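Visitor: Could you pick one part of this structure and take me through it slowly? I would like to see how it fits in with the rest.

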Amino acid sequence: MNPFQKNDSKETLFLPVSTEEVPPRPPSFPEKPSPKICGSNYPLSIVFIVVNEFCERFSYYGMKAVLTLYFLYFLHWSENTSTSVYHAFSSLCYFTPILGAAIADSWLGKFKTIIYLSLVYVLGHVIKSMGALPILGGQMLHTVLSMVGLSLIALGTGGIKPCVAAFGGDQFEEKHAEERTRYFSVFYLSINAGSLISTFVTPMLRGDVQCFGKDCYALAFGVPGLLMLIALVVFAMGSKLYRKPPPEGNILNQVVKCIWFAISSRFKNHSGDNPKREHWLDWAAEKYPKQLIMDVKALTRVLFLYIPLPMFWALLDQQGSRWTLQATRMNGNLGFFVLQPDQMQVLNPFLVLIFIPLFDLVIYRLVSKCGINFTSLRKMAVGMILACLAFAVAAAVEIKINEMAPHQPDSQEIFLQVLNLADDEVKVTVLGDENNTLLAESIKSFQNMPHYSKLHLKTKSQNFHFQLKYHNVSVYTDHSVEEKIWYTLIIREDGESISSMMVKDEENKTTNGMTAMRFVNTLHEKVNVSLGTDASLIVDEDYGVSAYRTVQRGEYPAVHCRTKKEDFSLNLGLLDFGAVYLFVITNRTNQGPQAWKMEYMPANKMSIAWQLPQYALVTAGEVMFSVTGLEFSYSQAPSSMKSVLQAAWLLTVAVGNIIVLIVAQFSGLAQWAEFIFFSCLMLVVCLIFSIMGYYYVPLKPEDVQGSANKQTPPNPRKYDQPGNQEDKALMVP
């Protein structure tokens with residue numbers, strides 16, 4: 001029997017003391033038998049739900065995979081604006097579940113809410129794809145369409161998030177609680193399968209297909225939109241098989257009013273004239289039915305347990321930010337395959353697909369055979385510990401990267417190297433203000449300098465005197481320098497003599513994991529260099545020096561160049577991760593213009609494979625924490641508030657992202673220290689959660705049923721008595 005089913009007799013089960021009407025509960029949905037999958041205890045209807053979730057997650061993650069590049073290269077926003085809008089959209093996607101849960105539980109029910117908001121979702125994808133068509137209006141129209149489309153997508157994906165998982169749980173009968181637990185693992189599996197495939201496919205649709213002569217963002221957004229349409233059709237096809245619990249009335253409004261009335265009544269009667277109540281919510285008994293109070297008690301107990309949870313998401317979600325930035329300073333060449341820094345995130349869904357069956361079929365069973373009661377809360381606590389260890393490993397990797405990276409000039413220091421583009425050897429002497437020799441080197445023509453020389457300054461800026469001996473000629477020149485900057489002194493022919501120019505190299509401190517390059521043009525004509533991007537790189541004639549340009553790592557055997565008189569190609573060779581190159585365009589042979597290559601900064605030395613341990617640890621933690629927490633939220637929710645509690649679970653993700661933003665903006669820590677800080681913070685939160693979980697007694701259907709049949713207020717002391725700690729005692733609708 002459903003513990004929340006209304007009494008069929010004419011006798012009223014709950015009689016409110018006050019005269020205010022409380023909306024009656026609709027009757028529970030009928031316990032009709034559902035067709036099973038191949039004679040098992042799994043309802044056939046969950047197949048449609050799982051496929052729907054796979055397509056929806058493909059749609060969501062596929063669209064997000066190219067969203068930042070769309071802002072950057074199609075709408076031509078700055079990096080800061082692109083990043084801000086990207087994270088604002090992500091946060092909105094995790095706040096709108098509250099609205100979706102309220103609609104489902106109070107008005108439409110889960111099934112209709114999923115159908116209607118999926119239509120909004122598809123419409124958002126259509127508008128978003130239209131905003132990526134270059135032939136449709138200008139940038140203003142593209143921006144408006146993009147913002148409208150993203151807003152509708154956020155409403156759609158957020159609105160159905162708390163409904164789909166809970167609706168799948170509704171398909172199971174009470175006696176099949178174990179199968180329902182396994183369903184949440186399969187459900188989570190479908191999420192990561194959709195994420196894994198879309199993360200590979202949509203960037204290929206964007207970059208490998210050309211639309212109107214540019215990257216095809218319209219196709220990259222359109223295919224995810226098509227997958228969302230398929231998700232809607234598949235979900236609707238199973239309509240006749242679903243068990244559809246009706247909405248419970250305006251539950252969220254009742255909960256808020258009940259809590260507010262209990263708090264206000266408690267403070268109004270603080271004098272002590274009234275008898276004490278066992279629970280602070282019992283102060284609402286004069287106005288609200290006991291069943292509602294029981295449901296709110298169960299809800300608030302779980303919400304209290306949710307307080308530490310955002311910290312886990314704060315760590316998990318840094319895979320797409322801090323860990324990706326860490327990967328930009330590592331070498332992605334694995335020998336058999338080359339990984340771009342942002343592609344490393346694919347490890348997470350890939351490992352989830354492996355770990356879920358591994359944990360369900362092997363690890364949890366072995367733990368059970370050892371006689372250990374591995375409850376849901378204990379699994380979640382272990383997941384937190386694994387995330388803590390993952391960030392400790394990330395900190396160790398970060399420290400090692402810093403040790404292998406080139407040192408940076410400190411205060412009152414500069415780094416200087418000399419590039420000799422004359423046709424013979426030049427002796428360079430650097431003199432200080434008192435004509436003391438600071439540096440003396442003989443540099444051959446087109447000699448590839450292996451390192452920078454460190455020079456000390458007396459003040460933050462200073463003039464250096466340079467003596468250049470070339471053949472029988474001595475040239476004296478002064479150059480002003482500033483502290484903490486890298487410089488290149490370029491020596492060039494000037495008739496029968498030589499001259500020099502000082503070039504700042506400060507841009508080469510970071511290249512965001514890409515390859516940075518600049519050109520020096522010794523020709524007497526301006527050169528236009530095409531690097532495969534929308535904007536060409538123009539290098540002025542007669543030793544003109546270009547700005548830096550970043551490109552993807554790879555082989556560049558034939559880079560197209562042109563002058564007013566001719567077109568030619570330059571072989572730039574392999575441009576490796578994180579390296580900084582200088583190319584000198586010369587015409588010293590009969591083979592036409594060529595590029596002389598010098599490596600300013602060496603490529604990243606530490607392999608990106610060293611990130612594998614931290615990804616494995618955090619993903620194992622995610623499987624133990626997130627999958628278990630999803631099932632725990634459903635099992636502990638009153639039947640009238642399951643979607644509300646699912647939305648609250650998703651809300652912890654949004655709060656976790658806010659924690660990351662606060663720490664990143666105000667901590668001022670070095671990156672390795674920030675990883676240690678998050679690791680220690682996670683450990684403290686894990687201890688707090690473990691203490692809270694130790695005193696938490698899982699809600700059991702018989703407890704609710706027993707209290708519901710009494711006319712006297714329930715005795716909350718029963719929650720303090722020792723009881724069965726098995727978290728899988730599920731409460732079904």
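Guide: We will start with one helix, follow it into the core, and then visit a sheet and a loop.

This is a predicted model, in which local features need pLDDT of at least 70 and side-chain atom pairs count only at pLDDT 80 or more, while totals for chains, interfaces and linings use all residues. Residues are numbered from 1 along each chain as its sequence is written, and side-chain values use heavy atoms, with hydrogens and water left out.

Our helix is α1, which covers residues 45-65. Helices (DSSP runs of H or I, at least four residues) and strands (runs of E, at least two) are numbered from the N terminus, and the chain has 17 helices and 21 strands. From first C-alpha to last, the 21 residues of α1 reach 31 Å, close to the 30 Å expected at 1.5 Å a residue; the expected span is 1.5 Å times one less than the number of residues.

Of those 21 residues, 16 are buried, so α1 is largely enclosed by the rest of the structure. Here buried means under 20% relative accessible area, exposed means over 50%, and partly exposed lies in between (1.4 Å probe, protein chains only). Across the chain's 733 residues, 53% count as buried.

Find C55 in α1. C55 counts as buried because its relative accessibility is 6%. Leaving out neighbours within four places in sequence, C55 is in contact (heavy atoms within 4.5 Å) with L227, I230 and A231. The C-alpha atom of C55 is also 6.4 Å from that of G194, although the two residues are 139 apart along the chain.

Another residue to find is F89, whose contacts beyond four places in sequence include Y60, M63 and K64. F89 and W649 touch the most other members of the largest nonpolar core, which has 131 residues. Such a core is a set of buried Ala, Val, Leu, Ile, Met, Phe, Trp, Tyr and Cys residues joined through side-chain atoms within 4.5 Å. Helix α13 (residues 376-404) gives this core its largest share, 13 residues. At least three core residues come from each of domain 1 (44-248) and domain 2 (306-406 + 604-699), with bounds from an automatic or database domain assignment. A second, separate core of 24 residues includes I414 and I485.

Now turn to an open sheet of four strands, ordered β6-β3-β9-β10 with mixed pairing. Two strands pair if DSSP finds at least two bridges between them. The edge strands β6 (453-456) and β10 (497-504) each have a single partner, so one side of each is left without a neighbour in the sheet. Strand β3 (residues 413-420) runs antiparallel to β6 over four bridges, and E413 stands opposite H456 in β6. Strand β9 (residues 485-494) and β10 are also antiparallel, over eight bridges, with I491 opposite S500. Two residues lie between β9 and β10 in their hairpin, where G495 takes a positive phi near 70°. Six of the eight residues of β10 are buried.

Our last stop is D576, in the loop between β19 (573-575) and β20 (580-586). D576 is buried, with a relative accessible area of 14%, and among its contacts are N331, T515 and R553.
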